[in-house]
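User: Please take a close look at one part of this model, the packing of its helices against one another and against the sheets, and describe in a connected way how the pieces meet.

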Amino acid sequence: MQQKNSKLVSNVANIDLIKQVNCAHIYKVIEQHAPISRVKIAKVSNLAPASVTKITRHLIEKGIITETERQASTGGRCAISLAPNSENIYVIAIKIGRKLLSLSRYNLTGHKSTDKRINIEKKDGEQLIELLKHEIQTLINDEQALGNKISAISITLSGLINPQQGRVIYTAFGKLSNTALVDILESRFNIPTYIGNHTRALALAEHYFGATKNCQDSIVISIHHGVGSGIIVHGQELLGANFNIGEIGHIQVNPNGTQCHCGNFGCLETEVSDTVIVEKVKQAISRGEYTPLSEKTLNIENIYQAAAIGDPLCEKIVAEAGSYLGKTIAILINMLNPEKIVIAGKITTAQNTLFSSIKQCITHQSLPDFQNRIEISSSDLPANSTIASFALIKQAIYEGALLQKMDIKAK
């Protein structure tokens, strides 16, 4: 009897999964081809017309898609077109940074209508969570005053994240390690909430909206206080069973280098990150090497700008960083054979010097057939934005999970 019940539960779960997948597939077809009739949806999706009718009715009832216009008659009854109701579906996307908490309100077209940044340098874990709750509630209240509903919340931050459990495993700042952040927020707001590593989510954002939009296989490398990567394979985010593929910042590139916060010596992060670049320039100036930059006003922006306009010291240090990064990229190319690699971060201000060093390494250290097909570029997306967090919500929609939970007509 117990075995029969187990099979019954399994069959129900499989049917629900099929419904979720088909629903997501139809939504994507509508989003890509709108306005589109049900007949054309069936042709494009290769699903039975009856299934299309049932699923689109469900999405209309929830307010996720809408009927827009009648198409010209070809002899029979005029077909009614469908389109996403994206302009009327609102979400909150959040980035928890080392110094700033950024919160934005988007609609599903990607239009951002609210953008708020708050200094969190002196906030510990509990204080940060309380602040986060307060700011989310403020945005929800603002929407309710306009008669709108928030349909999802998403959060990105650096560190080791388990998006399936909604848990921060480890982060080097904010004292949020081992925190079930999604459970905390869903219990408070009863709104579907998603969480992910910022760089992994940035790879999704580039794939949906940016430089890798037309690629199936790509890698995004983000360089800021640390170094990380996000990998897209066959149009899907590559996370693995432990959800944290892409920690290239902790590949050893200089065995004689300085110690990293992870405990190892000479990690890529200790040779390439923004804080390291600033420190290297300071050390060079203290040794008497010339640069027109003043040590008192030195920051990462003017270092990269100086490198871009030909300052020899800054060019040398950026080129050295590019060499370490290029060795790592050559390994990634040999392993994954991507179509495109995107570099995100302030370092791309000096991209002529940086890319020259990277390409030299690729030429000498990766397979000829692979390197001939690879393209290296800088990010198309706005820096320091919440667009990576917003990409998590788009992913949840495209996978169907969020479509099952959203109901913007419910009051």
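Analyst: In this predicted model, a convenient place to begin is a small antiparallel pair, strand 8 (residues 160–162) and strand 9 (residues 167–170), which are joined by 3 bridges. Within that pair I161 has V168 of strand 9 as its bridge partner, and the two strands make a hairpin with 4 residues between them, where G166 in the turn has a positive phi of about 70°. Beyond strand 9, in the loop that leads to helix 5 (181–189), lies N178, whose phi near 55° is a positive value in a residue other than glycine.

The sheets come next, since the helices are described against them. One open sheet consists of 5 strands in the order 6-5-4-7-10, with mixed pairing. Its edges are strand 6 (112–119) and strand 10 (193–197), each of which pairs on one side only, and its neighbouring strands are turned against each other by 15° on average when direction is ignored. Strand 5 (residues 100–107) runs antiparallel to strand 6 and is joined to it by 7 bridges; in this pairing K116 of strand 6 is the bridge partner of L103. Helix 6 lies across strand 4 (90–96), strand 7 (150–157) and strand 10 of this sheet, running at about 105° to strand 10. Helix 13 also packs on the sheet, where it touches strand 4, strand 5, strand 7 and strand 10 and has a direction that makes about 125° with that of strand 7.

A further open sheet, again with mixed pairing, has 5 strands in the order 13-12-11-14-15. Here the edge strands are strand 13 (236–237) and strand 15 (375–378), each pairing on one side only. Strand 12 (residues 227–233) and strand 13 run antiparallel and are joined by 2 bridges, with V233 standing opposite Q236 of strand 13. Helix 6 packs on this sheet too, touching strand 11 (218–223), strand 12, strand 13 and strand 14 (340–344), and its direction makes about 45° with that of strand 12. Helix 6 therefore has contacts recorded with strands of the sheet ordered 13-12-11-14-15 as well as with strand 4, strand 7 and strand 10.

Turning to the helices themselves, two packed helices are described by the angle between their axes and the distance between the axes. For helix 6 (residues 198–209) and helix 13 (residues 387–398) the angle is about 70° and the axes are 8 Å apart, which makes helix 6 roughly perpendicular to helix 13. Their crossing is left-handed. On the side of helix 6 the contact is made by H198, A201, L202, L204, A205, Y208 and F209, and on the side of helix 13 by I387, A388, F390, A391, L392, K394, Q395 and Y398. Sorted by class, this contact of helix 6 with helix 13 has 12 nonpolar, 2 polar and 1 charged residues.

Helix 10 (residues 312–336) takes part in two further packings. With helix 8 (residues 274–286) its axis comes within 10 Å, and the two cross at roughly 135°, so that helix 8 and helix 10 are oblique to each other. This crossing is right-handed. The residues that meet are I277, K280, V281, A284 and I285 in helix 8 and L313, I317, E320 and A321 in helix 10, a contact that by class has 7 nonpolar, no polar and 2 charged residues. With helix 9 (residues 300–308), helix 10 packs at an angle of about 100°, the axes being 7 Å apart, which makes helix 9 roughly perpendicular to helix 10. In this case I303, Y304, A306 and A307 of helix 9 meet C314, E315 and V318 of helix 10, and the contact divides into 6 nonpolar, no polar and 1 charged residues.

Toward the start of the chain there is one backbone detail to note: the peptide bond from A34 to P35 is cis, with omega near -5°, and P35 is found in the loop between helix 1 (2–33) and strand 1 (36–37).

As for confidence, the mean pLDDT of the chain is 90, and 93% of its residues reach 70 or more. Over residues 7–12, however, pLDDT stays under 50, and the model has 0 contacts beyond four places in sequence for them. Where pLDDT is low, the predicted coordinates should not be read in detail.

Definitions and conventions. Residues numbered from 1 in each chain as written. Predicted model: local features only at pLDDT ≥ 70, side-chain atom pairs only at ≥ 80, totals over all residues. Heavy atoms only, no water. Axes fitted to C-alpha atoms, helices over the stretch in contact; angles between N-to-C directions. Parallel < 35°, antiparallel > 145°, perpendicular 65-115°, else oblique. Left-handed = near helix turned anticlockwise from the far one by under 90°. Contact = heavy atoms within 4.5 Å. Nonpolar A, V, L, I, M, F, W, Y, C, P; charged D, E, K, R; others polar. Pairing = 2+ DSSP bridges. pLDDT = per-residue confidence, 0-100.
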